[in-house]
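Here are a few exercises to help you find your way around a new structure. Try each one yourself, then check the worked solution.

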Amino acid sequence: MDEKLIISQKKYTEETSVVSARLPNDLIRDLNEVAKKTGYNRNELIQICIEFALQRIEIESSEK
């Protein structure tokens, strides 16, 4: 895991929708730490992380 997640300026400006997700408490603590260090709120960081993952996702085929 040598790829870094670089946090830059906000990208999305259009309308938003609410999505609910359950996260482990230790993950939320880590997210809060990053929020404190960067000035972003949790929602913004979650968006950044999801975008980062979606741009790099590789879906394995279940066909053999």
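**Exercise 1. Find where T38 sits, and work out how far it lies from E60.**

Solution. Start with the element: T38 belongs to helix α1, which covers residues 25-38. Helices here are DSSP runs of H or I with at least four residues, strands are runs of E with at least two, and both are numbered from the N terminus. Next, the accessibility: T38 has a value of 36%, so it counts as partly exposed. The cut-offs are under 20% relative accessible area for buried and over 50% for exposed, with partly exposed in between (1.4 Å probe, protein chains only). Last, the distance: T38 and E60 are 22 residues apart along the chain, and 34 Å separates their C-alpha atoms.

Before going on, a word on the model. It is predicted, so local features need pLDDT of at least 70 and side-chain atom pairs count only at pLDDT 80 or more, while totals for chains, interfaces and linings use all residues. Residues are numbered from 1 along each chain as its sequence is written, and side-chain values use heavy atoms, leaving out hydrogens and water.

**Exercise 2. Decide whether the protein is a compact globule or more spread out.**

Solution. Count the elements first: there are 2 helices and 0 strands. Then take the radius of gyration, which is 14 Å, well over the 11 Å from the globule rule for 64 residues, so the protein is more spread out than a compact globule. (That radius is taken over C-alpha atoms, and the rule is 2.2 Å times the number of residues to the power 0.38.) For the dimensions, the C-alpha trace spans about 45 × 30 × 25 Å along its principal axes. Finally, look at burial: buried residues are 12% of the 64.

**Exercise 3. List the residues of the nonpolar surface patch and say which helix gives the most to it.**

Solution. The patch is made by L23, L27, I46, I50, L54, I57 and I59, and has an area of about 670 Å². To qualify, residues need over 30% relative accessible area and no salt bridge; nonpolar side chains (Val, Leu, Ile, Met, Phe, Trp, Tyr) are joined within 5 Å, and like charges within 9 Å. Areas come from the Shrake-Rupley method with a 1.4 Å probe, and for residues only the protein chains shown count as cover. Helix α2 (residues 42-56) gives the most, with 3 residues. Now zoom in on L54, which lies in helix α2 and is exposed at 57% relative accessibility. Its C-alpha is 17 Å from that of S8, although the two are 46 residues apart in sequence.

**Exercise 4. Find the salt bridges and say which parts of the chain each one joins.**

Solution. There are 2 to find, each with a side-chain nitrogen of Lys or Arg within 4 Å of a carboxyl oxygen of Asp or Glu.

- Step one: R56 pairs with E3 at 2.7 Å, N to O. R56 is in helix α2 and E3 in the segment before α1, so this pair ties together parts 53 residues apart in sequence. R56 is partly exposed at 38%, whereas E3 is exposed at 53%.
- Step two: E33 pairs with K36 at 3.2 Å, N to O. Both lie in helix α1, 3 residues apart, or about one turn of the helix. E33 is partly exposed at 37%, while K36 is exposed at 64%.
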